[in-house]
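Work through the exercises below with the sequence and the coordinates at hand, and attempt each task before reading its solution.

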Amino acid sequence: MLGSSAAIWGGWLERVGPRKAGFVAALCWCGGLFVGALGVYLHQLWLMWLGAGVLGGIGLGLGYISPVSTLIKWFPDHRGMATGFAIAGFGGGTLIGAPLADLLINYFKTPTSVGVWPTFIAMGAIYFVFMTIGAFGYRVTPNGWRPEGWVPPSETKTMITQHQVHLDDAHKTSSSG
């Protein structure tokens with residue numbers, strides 16, 4: 001769902017901006033954890049899949065592309081580095097999230113429960129706070145902004161097209177023409 005939602009709603013992100021997309025990502029990801037918690041509590045696997053899988057995956061995709069899109073605009077002269085930092089930050093979140101989940105499961109476990117559903121609730125609340133702060137902390141580049149002294153490359157690269165293809169038509173375009 002992460003990759004699919006990033007592809008499907010990437011154009012929407014560009015229209016509405018990274019703040020709105022980041023907040024919707026927080027709603028979907030954390031809502032997915034809450035629905036997943038309900039699924040665990042009720043012993044309904046389909047709810048777990050719907051929440052943590054589908055809804056949470058949509059939130060992950062939007063949460064993944066929001067900072068990437070923003071950073072590429074701020075650093076057009078270092079697009080690869082900007083993308084790399086965004087991806088590293090996204091993946092590096094497991095350095096905090098995984099130990100926190102383990103700590104919470106051990107905190108919430110009882111003789112009759114392994115502590116998964118309350119951990120999902122707690123993680124959803126924690127992620128919502130930090131994701132919302134992050135989403136509204138994005139700074140959007142002004143129109144036409146370029147780094148001081150940077151001039152876009154003028155040489156034509158043979159593997160890069162000079163034509164624009166709208167996202168809705170990309171699947172209809174052949175790779176040879």
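The exercises that follow concern a predicted model, and each is solved step by step.

**Exercise 1. Helix packing**

Determine how helix α2 and helix α6 are oriented to each other, and describe the contact of α2 with α6 by residue class.

Solution. Begin with the two elements themselves: helix α2 covers residues 18–42 and helix α6 covers residues 116–137, and their axes come within 8 Å while crossing at roughly 175°. Angles over 145 degrees count as roughly antiparallel, and α2 and α6 are therefore roughly antiparallel to each other. Sorted by class, the contact of α2 with α6 has 22 nonpolar residues, 4 polar residues and 1 charged residue.

**Exercise 2. Aromatic pairs across the helices**

Classify the ring pair of F23 with F136 and the ring pair of W29 with Y127, and state how accessible each of the residues is.

Solution. A pair of aromatic rings is described by the distance of the centres and the angle of the planes. The count for the model comes to 7 aromatic pairs. One of these is formed by F23 and F136, with 5.5 Å centre to centre and 45° between the planes, and it is classed as tilted. This pair links distant parts of the chain, since F23 lies in helix α2 and F136 in helix α6, 113 residues apart. For accessibility, F23 has a relative accessible area of 26% and is partly exposed, and F136, with a relative accessible area of 47%, is also partly exposed.

Next, W29 and Y127 have ring centres 5.8 Å apart and planes at 80°; planes over 60 degrees apart count as edge-to-face, so the pair of W29 and Y127 belongs to that class. Here too the pair links distant parts of the chain, with W29 in helix α2 and Y127 in helix α6, 98 residues apart. W29 has a relative accessible area of 17% and is buried, whereas Y127, at 27%, is partly exposed. As a last step, ring pairs link F23, F128 and F136 into a cluster.

**Exercise 3. A threonine in α6**

Decide whether T132 is buried or exposed, and find its contacts beyond its neighbours within four places in sequence.

Solution. T132 lies in helix α6. Buried means under 20% relative accessible area, and T132, at 17% relative accessibility, therefore counts as buried. With neighbours within four places in sequence left aside, T132 is in contact with F23 and A26.

**Exercise 4. The kinked helix and its burial**

Locate the kink in helix α1, name the buried residues of this helix, and identify elements that cover them.

Solution. Helix α1 runs over residues 2–16 and has a kink of about 50°, centred on W9. The buried residues of α1 are S5, A6, G10 and L13, and what covers them includes α2 and α3, the latter spanning 45–74. Just after α1, G17 takes a positive phi of about 95°.

**Exercise 5. A methionine in α3**

Describe the surroundings of M48, and state how far its C-alpha atom lies from that of G10.

Solution. M48 lies in helix α3 and is partly exposed, with a relative accessible area of 22%. Not counting residues up to four places away in sequence, M48 touches G36, G39, V40, G53 and F120. The C-alpha atoms of M48 and G10 are separated by 26 Å, with the two residues 38 residues apart along the chain.

Methods
Residues numbered from 1 in each chain as written. Predicted model: local features only at pLDDT ≥ 70, side-chain atom pairs only at ≥ 80, totals over all residues. Heavy atoms only, no water. Axes fitted to C-alpha atoms, helices over the stretch in contact; angles between N-to-C directions. Helix = DSSP H or I, 4+ residues; strand = E, 2+ residues; numbered from the N terminus. Parallel < 35°, antiparallel > 145°, perpendicular 65-115°, else oblique. Nonpolar A, V, L, I, M, F, W, Y, C, P; charged D, E, K, R; others polar. Bend = angle between axes of the 7 residues up to and from the residue. Buried < 20%, exposed > 50% of the residue type's maximum accessible area, 1.4 Å probe, protein only. Contact = heavy atoms within 4.5 Å. Phe/Tyr/Trp six-rings, centres within 6.5 Å; stacked < 30°, edge-to-face > 60°.
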